[in-house]
Amino acid sequence: MNDDHAHMRHALQLAARGLGCVWPNPAVGCVIVNTGRIVGRGWTQPGGRPHAERMALDQAGRLAQGATAYVTLEPCAHHGATPPCAEGLIDAGIARVVTALTDPDPRVAGKGHAMLGAAGITVTEGLCTDAARSLNHGFLKRVTQGLPMVTLKLATTVDGRIATRTGESRWITGAGARRAVHLMRMTHDAVMVGSGTALADDPDLSVRDMGAVPQPLRIVVDSALRFSPKGRLGQTARRHPVLLLHGPSADTSGWVAAGAECLEVPVLGAQLDLRAALQALAVRGLTRIFCEGGAGLAAALVGAGLVDDLITFTAGAMIGEEGRAAMGPLGLNVLADAPRLRLVSQAAVGGDVQTHWRFD
């Protein structure tokens, strides 16, 4: 049983390699073991194909006969761009399959386990379930709730400021924290900012200094499309995709000409309906959104209950009351109404402190 846990943890580590580049598919890992020896390893490849099981089976070859396959998510049971992975495991002569989670996708939802069992394969379910659920939270949330997972990132001084009174913010945190942010961008399907951040910083939002890696979709939430396509995002829109979420009255012609995609979102009061916006992104298959502010968008997402994880980088510096706050108004009058978060982890990153909080 200890070996089972070790092999499933290995499969989960492999699965994590697919985060950010396999959507709308889940990030899955597979390890095939025969008589105590690993004979095949696989993880979902960029773009979602091939699946982890197919990659591991191809590596194992004839050694898959009589082996045990450890898979982080129930093998698919439906015919799509490729044959079902459950069918591939059966055809390869796998004797036992150990999984961490049942796939909630209605096309699977227990059918993969049932197909394996009907073929005489021993199926063991529910190993390392919590870790697998956390890893694929974005995929699971999209399938079950019609929303992507949202990670909000804030880089602040110890007194909670993100810029000086004049708007200067480069750089509050050090090089180590900035590199960590690029790693986080790489594990999300999209990076999102509000119009205020786009106007103030003219950001690029790509993953840099990580070699040749898949780039996330770059999203700007800008109801009136005040942000010009002549900035860095517009200049690179044909190289790396850009999506503008806007209201019904916005003029999209400049952005369309620059090669960006524009998506009209309903307005709720004076602002875009962020829940409707995220639902539209989920329909497109997005599972993991990395939001980098600014303060207004951060407050709107938190206030609407749309944030799953909060990552903060805190620098050992102070700006004072005249500096710009990390979070816009939440409209709270009593402390009891304040959103509460659970601490997941905390660590030093260079001279800064990285903290991971979760909204439960």
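**Exercise 1. Helix α6 and its surroundings**

Task: Establish which residues of helix α6 (residues 137-145) are buried, and which elements these residues pack against.

Solution. In this predicted model, the buried residues of helix α6 are Gly138, Phe139, Leu140, Lys141 and Arg142. The next step is to look outward from these positions: the buried residues of α6 pack against α5, β6, α11 (274-283) and β14 (288-291). Finally, the backbone just after α6 deserves a look, since Gly146 takes a positive phi of about 70° there.

**Exercise 2. Unusual backbone geometry**

Task: Determine which peptide bonds from Trp23 to Pro24 and from Arg49 to Pro50 are cis or trans, and describe the phi values of Cys128 and Leu205.

Solution. As background, most residues other than glycine have a negative phi, and most peptide bonds are trans. Begin with the prolines. The bond from Trp23 to Pro24 is cis, with omega near 5°, and Pro24 lies in the loop between α1 and β1 (29-34). The bond from Arg49 to Pro50 is likewise cis, with omega near -10°, and Pro50 belongs to the loop between β2 (37-43) and α2 (52-60).

Turn next to phi. Cys128 is not a glycine, yet its phi is positive, at about 60°; this residue is found in the loop between β5 (122-124) and α5, and because its relative accessible area is 17%, under the 20% limit, Cys128 counts as buried. Leu205 also has a positive phi, near 65°, although it is a residue other than glycine. Leu205 is placed in the loop between α8 (195-201) and β9, and with a relative accessibility of 3% it counts as buried.

**Exercise 3. Ala326 and Thr156**

Task: Locate Ala326 and Thr156, decide whether Ala326 and Thr156 are buried or exposed, and compile their contacts beyond four places in sequence.

Solution. Ala326 sits in the loop between β16 (324-325) and β17 (342-349), and because its relative accessibility is 9%, Ala326 counts as buried. Setting aside residues up to four places away in sequence, Ala326 touches Leu154, Thr156, Gly160, Ile162, Ala295 and Ala298. A C-alpha to C-alpha distance adds to this picture: Ala326 and Gly294 are 7.3 Å apart in space, although 32 residues separate them in sequence.

One of the contacts of Ala326 is Thr156, which is placed in strand β6 and, at 8% relative accessibility, counts as buried. Leaving out its neighbours within four places in sequence, Thr156 is in contact with Arg161, Ile162, Ile172, Phe313, Thr314, Ala315 and Ala326. Reading the two lists together shows that Ile162 touches Ala326 and is in contact with Thr156.

**Exercise 4. Aromatic rings and a charge over a ring**

Task: Find how many aromatic pairs the whole structure holds, classify the geometry of the rings of Phe227 and Trp255, and say where the charged end of Arg17 sits.

Solution. A search of the whole structure finds one aromatic pair. The ring centres of Phe227 and Trp255 are 5.7 Å apart and the planes meet at 35°, so the pair is tilted. Phe227 lies in the loop between β9 (217-221) and α9 (232-235), whereas Trp255 lies in helix α10 (residues 253-258), so the pair ties together parts that are 28 residues apart in sequence. Both Phe227 and Trp255 are buried. As for Arg17, its charged end sits over the ring of Trp43, 4.4 Å from the ring centre.

**Exercise 5. Nonpolar cores**

Task: Describe the largest nonpolar core, the element that gives its largest share, and the second, separate core.

Solution. The largest nonpolar core has 41 residues, and those with the most contacts inside it are Met8, Cys30, Ile32, Ala69, Leu89, Ile94 and Val97. Helix α1 (residues 2-15) contributes the largest share of this core, five residues. Taking Cys30 as an example, its contacts beyond four places in sequence include Ala11, Leu14, Ala52, Ala56, Ala69 and Val71. A second, separate core of 29 residues includes Val221, Ala298, Val302 and Leu310; Ala298 is also one of the residues that Ala326 touches.

**Exercise 6. The second largest pocket**

Task: State how much space lies in the second largest pocket, and identify which element supplies the largest share of its lining.

Solution. The second largest pocket holds about 570 Å³ of space. Its lining is made of 21 residues, of which Ser134, Met149, Asp309, His356 and Arg358 lie nearest the centre. At least two lining residues each come from α5 (129-135), β6 (149-157), α7 (175-186), β15 (309-315) and β18 (352-358), and α5 gives the largest share, four residues.

Conventions: Residues are numbered from 1 along each chain as its sequence is written. This is a predicted model: local features need pLDDT of at least 70, side-chain atom pairs count only at pLDDT 80 or more; totals for chains, interfaces and linings use all residues. Side-chain values use heavy atoms; hydrogens and water are left out. Buried means under 20% relative accessible area, exposed over 50%, partly exposed in between (1.4 Å probe, protein chains only). Contact means heavy atoms within 4.5 Å. Rings of Phe, Tyr and Trp (its six-membered ring) pair if their centres lie within 6.5 Å; planes under 30 degrees apart count as stacked, over 60 as edge-to-face and the rest as tilted. A charge sits over a ring if NZ of Lys or CZ of Arg is within 6 Å of the ring centre and within 35 degrees of the ring normal. A nonpolar core is a set of buried Ala, Val, Leu, Ile, Met, Phe, Trp, Tyr and Cys residues joined through side-chain atoms within 4.5 Å. On a 1 Å grid over the protein atoms alone, a cavity is a set of points where a 1.4 Å probe fits but cannot get out, and a pocket is an open set with protein on both sides within 12 Å along at least five of seven lines; lining residues have an atom within 4 Å of a point. Grid points are joined across faces, edges and corners, and a volume is the space filled by probe spheres set on the points.
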